[in-house]
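Colleague: Before I use this model at the bench, I would like to know what the labels rest on. Can we go through them one by one?

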Amino acid sequence: MTIIVDARRERFDEGAAWTRLKGASRIRVAKGKKILEFGNETKLDRDALIKAVMGPFGNLRAPTFLFGKEAIVGFHADLYADTFSPQ
């Protein structure tokens, strides 16, 4: 099932972002040239995750993709190519 949300009309504050992301087993956040990874072998730290995924105006950064138990927040061309290209 795919859910598409228009971020221009629906905003996600810290509480809503945490609700959406806390169930993910792997969250990758693109910030500039860096990729931060949460989950997998580490305990999900709410404060560190929220700091990484929130934009300067207090909303969840875009684009954000949630698929299965994984999430990608922000844009990074290499990350997208690795994630979405056919294997």
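Colleague: Which residue in the hairpin of β1 and β2 takes a positive phi?

Modeller: In this predicted model, that residue is Gly 32, with a phi near 65°. The hairpin has 2 residues between the strands.

Colleague: What makes β1 and β2 a pair?

Modeller: Pairing needs at least two bridges between the strands. Strand β1 (residues 26-31) and strand β2 (residues 34-39) are joined by 6 bridges, so they count as paired. The two run antiparallel, and Arg 26 stands opposite Gly 39 in β2.

Colleague: How do those strands fit into the order of elements along the sequence?

Modeller: The pattern is α-β-β-α-β-β-α. In total the protein chain has 3 helices and 4 strands.

Colleague: Which residues form the aromatic cluster, and what makes two rings a pair?

Modeller: Two rings pair if their centres lie within 6.5 Å. By this rule there are 5 aromatic pairs. One cluster is formed by Phe 65, Phe 67, Phe 75, Tyr 80 and Phe 84.

Colleague: What share of the residues is called buried, and why?

Modeller: The share is 30% of the 87 residues in the protein chain. They are called buried because their relative accessible area is under 20%.

Colleague: How much of the accessible surface belongs to carbon and sulfur atoms?

Modeller: Those atoms hold 53% of about 6,300 Å² for the protein chain.

Colleague: And what share of the contacts with a separation of 6 or more comes from residues 24 or more positions apart?

Modeller: Such residues account for 46% of them, where a contact means heavy atoms within 4.5 Å.

Key: Residues numbered from 1 in each chain as written. Predicted model: local features only at pLDDT ≥ 70, side-chain atom pairs only at ≥ 80, totals over all residues. Heavy atoms only, no water. Buried < 20%, exposed > 50% of the residue type's maximum accessible area, 1.4 Å probe, protein only. Areas by Shrake-Rupley, 256 points an atom, 1.4 Å probe, with all protein chains shown as cover. Phe/Tyr/Trp six-rings, centres within 6.5 Å; stacked < 30°, edge-to-face > 60°.
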